[in-house]
Amino acid sequence: MHKAVEVSVDAMLEDLRTLVETESPSRDLDALRASAEAVAGVIENRLGGRAVLVESEAGPHVRWSGGGDPKVLILGHHDTVFPLGTLERRPFRVEDGQATGPGVFDMLGGLVQAVHGLAALDDRSGVEILVTADEEVGSRSSRALIEERALACGAVLVFEGAADGGALKTRRKGCGTFQVRIKGRASHAGLEPAAGVNALVEAAHQVLDIAALGRPGIGTTVTPTVASAGTLDNVVPAEATVVVDVRVESADEKERIESAFAALAPHLDEAEVTVEGGIGRPPMPESASAELFTLAQRLLPGLEATAVGGGSDGNFTAALGVPTLDGLGAVGGGAHADHEYLVVDTMAERAHLVAGLVKAIQQA
């Protein structure tokens, strides 16, 4: 790829250290405020202008605009899955060509690369940045803002970590969580077992029904993941809960699964079944990224694309029909794990890719 501008890896690592060392677990409002201020500081220092904190019940989101008519939205998040104190156990380090520490790959490294890529451009008009505070917990407070700015800009670049080998993410499954709650009736397990309605037995029936909804051949996975029931070993359980992870590749499957959960019915007389939740992130079709990915390949020949099962905020924007390209962030791996890492030698290349994509979108 032609490198018309220069970026400093040392400067990127300096900013990455700042963000990683400002811990930002989802739902910790004090920590998220400090993190948002750190993100805003990095943006203002590198790009000028003013980064605005957008208050929400989930913590502050960060917005910045380069002015002019909006043309491209740079989208990311600053919350992480790691609890306070993780940094003490796993501090930010750069060793053997890798940067490590909580959030380096998902997705603080991507944010830094995006900002430095934009900093290399003389013209930043039409560029907006939105860094949200609640992506890791469903984006409930930020979704409307994400969708509004995506529609206003007309193109979205998402800086989640790259897929294996640096591939971009051109298709994502829709994903969601269902909570199935079962109400039975307690009784003494020894004296009057028949007087009760065993919520655990009903839950077992429901788990089998739910698991049968999956269609792996077309990408639909329905996975019961967490269950709880009962209080004491001599009491027929009066309540049970089953949590289910769902992933789908099409809008039709989203509708089928949600209808099936709504229709769940009890097997035991007098048991009650209620369902909460849904597929909150719609599928991201490959068609949404096709044009932008072709552009990215021209800028970086050999760049590959892949489909992934996890969701991102790009699912929302792609479902609106807004061209969306994901996985533009850090090259590395270990998202949500203790071995999370970023490959330092790829940072400059990814920052140049940002600059090239934005410039091409501006000129389109």
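Modeller: Before any residue is discussed, one term is needed: a residue is called buried under 20% relative accessible area, exposed over 50%, and partly exposed in between. The structure above is a predicted model.

Biologist: Is K254 buried, exposed or partly exposed?

Modeller: The relative accessibility of K254 is 21%. Buried requires a value under 20% and exposed a value over 50%. K254 therefore counts as partly exposed.

Biologist: With which residue does the side chain of K254 meet in a salt bridge?

Modeller: The partner lies with K254 in helix α7, residues 251–262, and the two are four residues apart, which is about one turn of the helix. At 27% relative accessibility, this partner also counts as partly exposed. The N to O distance in the salt bridge is 3.2 Å, and the residue that K254 meets there is E258.

Biologist: How many residues apart in sequence are the parts that R33 and E55 tie together?

Modeller: R33, which is partly exposed at 33% relative accessibility, forms a salt bridge with E55, with the closest N and O atoms 2.5 Å apart. R33 belongs to helix α2, whereas E55 sits in the loop between β1 (52–54) and β2 (61–65), so the pair ties together parts whose separation in sequence is 22 residues.

Biologist: Which residue forms a salt bridge with E286?

Modeller: E286 is in the loop between β12 (272–281) and α8 (290–299), and the pair links distant parts of the chain, 115 residues apart, with the partner in strand β8, residues 168–172. E286 is partly exposed at 43% relative accessibility, and the partner is partly exposed too, with a relative accessible area of 30%. The closest N and O atoms are 3.7 Å apart, and the partner of E286 is R171.

Biologist: How many salt bridges does a search of the whole structure find?

Modeller: Besides the pairs already described, there is a network of salt bridges that links R63, E128, E148 and R149. For the whole structure, the search gives a count of 19.

Biologist: The side chain of N315 reaches a backbone oxygen, but of which residue?

Modeller: N315 is placed in helix α9, residues 314–319, and is buried, with a relative accessible area of 0%. Leaving aside residues up to four places away in sequence, N315 touches R172, K173, G174, R281, P282, P283 and M284. At a distance of 2.8 Å, the side chain of N315 reaches the backbone oxygen of P282.

Biologist: What volume does the largest cavity have?

Modeller: The count comes to two cavities of 30 Å³ or more. Among the 13 residues that line the largest cavity, the closest to its centre are I43, L111, V115, I129 and V131, and the elements that give two or more residues to this lining are α2, β3, α4 and β6. By class, the lining has 12 nonpolar, one polar and no charged residues. The volume of the largest cavity is about 80 Å³.

Biologist: How many charged residues are in the lining of the second largest cavity?

Modeller: The second largest cavity, with a volume of about 50 Å³, has a lining that includes L19, V20, T22, E23, S24 and T80. Asp, Glu, Lys and Arg count as charged. By class, this lining divides into five nonpolar residues and four polar ones, and the number of charged residues is one.

How values were computed
Residues numbered from 1 in each chain as written. Predicted model: local features only at pLDDT ≥ 70, side-chain atom pairs only at ≥ 80, totals over all residues. Heavy atoms only, no water. 1 Å grid on protein atoms, 1.4 Å probe; cavity = no way out; pocket = protein on both sides within 12 Å on 5 of 7 lines; lining within 4 Å. Points joined across faces, edges and corners; volume = space filled by probe spheres on them. Buried < 20%, exposed > 50% of the residue type's maximum accessible area, 1.4 Å probe, protein only. Contact = heavy atoms within 4.5 Å. Polar contact = N/O pair within 3.5 Å; in protein donor to acceptor, adjacent residues only side chain to side chain. Salt bridge = Lys/Arg side-chain N within 4 Å of Asp/Glu carboxyl O.
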